[in-house]
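Thanks, everyone. Let me put the model on the screen, and then I'll walk you through it.

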Amino acid sequence: MIRYFLSFFVLTCFLASAAVAKPLLKVHVFVALCDNEHQGIVPTTKTLGDGTNPRTNLYWGAMYGFRTYFRKAKEWEPVEVVSARERSEILDRCAFFGHETVVFAEAYDGRQMALTVEEFLAAAAGKYRSEAVLKDYGKLSFGKEANMVFFIGHNGLMDFSLKELPKPAAIKPSAAVVLACKSHLYFTPILRHLGCPPLLMTNGFMAPEAYTVAAIVKTWALGGSDSDVHEAASQAYAKYQKHCSLAAARRLFRAPRAKPLGAKPRGLDSGNQ
């Protein structure tokens with residue numbers, strides 16, 4: 001009888017712990033590699049601005065590039081990407097686990113800025129899915145099935161206009177972040193139009209480096225509010241950007257609140273909303 005009650009107690013505890021276990025969160029990061037020749041940017045060095053070489057690229061392989069920074073960060077465990085659909089436009093992929101979250105990032109050829117923006121927005125609208133097999137996690141779906149999507153890089157909407165926007169689907173990420181110069185002006189109306197809440201945007205020129213991504217994801221994954229995410233991003237940016245004070249960083253980032261779309265989104269050809 002005692003053995004029966006002990007077994008029942010252990011089973012009850014196991015079921016209770018399974019019931020309260022947090023589900024795995026998924027973040028999909030679209031990185032447009034820095035490209036001196038094909039993007040409207042102030043040119044950087046030849047190696048940092050080579051949009052065809054993720055190993056040395058400013059936004060991927062440099063000290064604060066996505067892959068390098070996350071590989072060295074103690075809070076994030078590298079996860080091997082076993083396989084994913086081969087695409088010439090995507091030059092590298094990586095994944096990391098931390099805070100009950102898998103962060104999956106793809107480095108797009110710097111010449112493919114328009115495609116990167118379009119696929120990011122399609123994911124935000126619930127119309128684009130990307131699958132990858134990750135070691136110890138199996139096949140996972142990202143894009144529209146991620147909990148949050150990021151765009152990192154130059155603000156391509158400063159250089160070209162979108163011909164059309166995808167029609168929003170029912171299933172889509174619950175939040176989007178754009179780390180690019182003046183992203184609030186260009187991306188916030190579009191993301192609202194697509195029904196994907198913009199969690200954090202920018203008001204001015206900035207360096208879209210990985211320490212800010214790490215601070216945002218950690219705070220969000222731990223249940224922080226929009227204001228908490230804004231503060232975490234501001235503190236991380238001020239810490240690494242020595243020329244930028246905390247007060248200036250707080251002004252740089254913006255946590256938009258949901259409201260009606262209003263005017264037609266910028267960066268969209270007239271007549272194609």
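Start with what covers helix α3. The cover over its buried residues includes β1, β5, β7 (138–143), β8, β9 and α4. Keep in mind that this is a predicted model.

How many residues of α3 are buried? The count is 10 of 12, so α3 is mostly covered, given that buried means under 20% relative accessible area. Met113, Leu115, Thr116, Val117 and Glu119 are among them. So are Phe120 and Leu121. The run Ala122, Ala123 and Ala124 is buried too.

Now the placement. Helix α3, residues 113–124, lies across β1, β5, β8 and β9. Its direction is at about 165° to β8. Does the length fit? At 1.5 Å a residue, the 12 residues of α3 should span 16 Å. The end C-alpha atoms are 17 Å apart, which agrees. Just after the helix comes glycine 126, with a positive phi of about 85°.

Next, the sheet under discussion. It is an open sheet of 8 strands, with mixed pairing. The order reads β2-β4-β5-β1-β8-β9-β10-β11. Which strands sit at the edges? Those are β2 (77–79) and β11 (253–254), and each pairs on one side only.

Let me take β5. Why call it largely enclosed by the rest of the structure? Because 8 of the 8 residues in the strand, residues 101–108, are buried. Look at the two faces. Thr101, Val103, Ala105 and Ala107 point one way. Val102, Phe104, Glu106 and Tyr108 point the other way. Both sets are buried. Note Glu106 in that second set.

β5 has a neighbour on each side in the strand order: β4 and β1. Take β1 now, residues 25–32. It runs parallel to β5, and 8 bridges join the two. Within that pairing, valine 29 has alanine 105 as its bridge partner. Then β4, residues 90–98. It runs antiparallel to β5, again with 8 bridges. Glycine 98 has threonine 101 as its bridge partner there. β4 and β5 make a hairpin with 2 residues between the strands. In that hairpin, histidine 99 takes a positive phi near 55°.

On to β8, residues 148–152. This strand is mostly covered, with 5 of its 5 residues buried. Met148, Phe150 and Ile152 point one way. Val149 and Phe151 point the other way. β8 pairs with β1 in parallel, through 5 bridges. Valine 31 stands opposite isoleucine 152. β8 also pairs with β9 in the parallel sense, over 5 bridges. There, phenylalanine 150 has valine 177 as its partner.

Moving along the sheet, β9 covers residues 175–179 and β10 covers residues 198–202. How many bridges join them? There are 2, and the strands run parallel. Alanine 176 is partnered by proline 198. Helix α4, residues 183–194, lies across β9, β10 and β11. It runs at about 160° to β10. Recall that α4 is also part of the cover over α3.

Now the rings. A search of the whole structure finds 21 aromatic pairs. Take tryptophan 60 and phenylalanine 66: stacked or edge-to-face? Their ring centres are 6.0 Å apart and their planes are at 25°, so the pair is stacked. The cut-off for stacking is planes under 30 degrees apart. Tryptophan 60 is buried, at 1% relative accessibility. Phenylalanine 66 is buried as well, also at 1%.

These two belong to one aromatic cluster. Its members include Tyr64, Tyr69, Phe70, Trp76 and Phe96. Further along the chain, it takes in Tyr211, Tyr237, Tyr240 and Phe253.

One contact of another kind. Lysine 26 lies over the face of phenylalanine 142, at 5.8 Å from the ring centre. Lysine 26 falls in β1, and phenylalanine 142 falls in β7.

Last, the overall numbers. The protein has 7 helices and 11 strands. Of its 273 residues, 50% count as buried. Among contacts with a separation of 6 or more, 67% come from residues 24 or more positions apart.

That's my tour. Questions, please.

Conventions:
Residues are numbered from 1 along each chain as its sequence is written. This is a predicted model: local features need pLDDT of at least 70, side-chain atom pairs count only at pLDDT 80 or more; totals for chains, interfaces and linings use all residues. Side-chain values use heavy atoms; hydrogens and water are left out. Buried means under 20% relative accessible area, exposed over 50%, partly exposed in between (1.4 Å probe, protein chains only). Helices (H or I, at least four residues) and strands (E, at least two) are DSSP runs, numbered from the N terminus. Two strands pair if DSSP finds at least two bridges between them. Contact means heavy atoms within 4.5 Å. Axes are lines fitted to C-alpha atoms, for helices over the stretch in contact, and angles run from 0 to 180 degrees between N-to-C directions. Rings of Phe, Tyr and Trp (its six-membered ring) pair if their centres lie within 6.5 Å; planes under 30 degrees apart count as stacked, over 60 as edge-to-face and the rest as tilted. A charge sits over a ring if NZ of Lys or CZ of Arg is within 6 Å of the ring centre and within 35 degrees of the ring normal. The expected span of a helix is 1.5 Å times one less than its number of residues.
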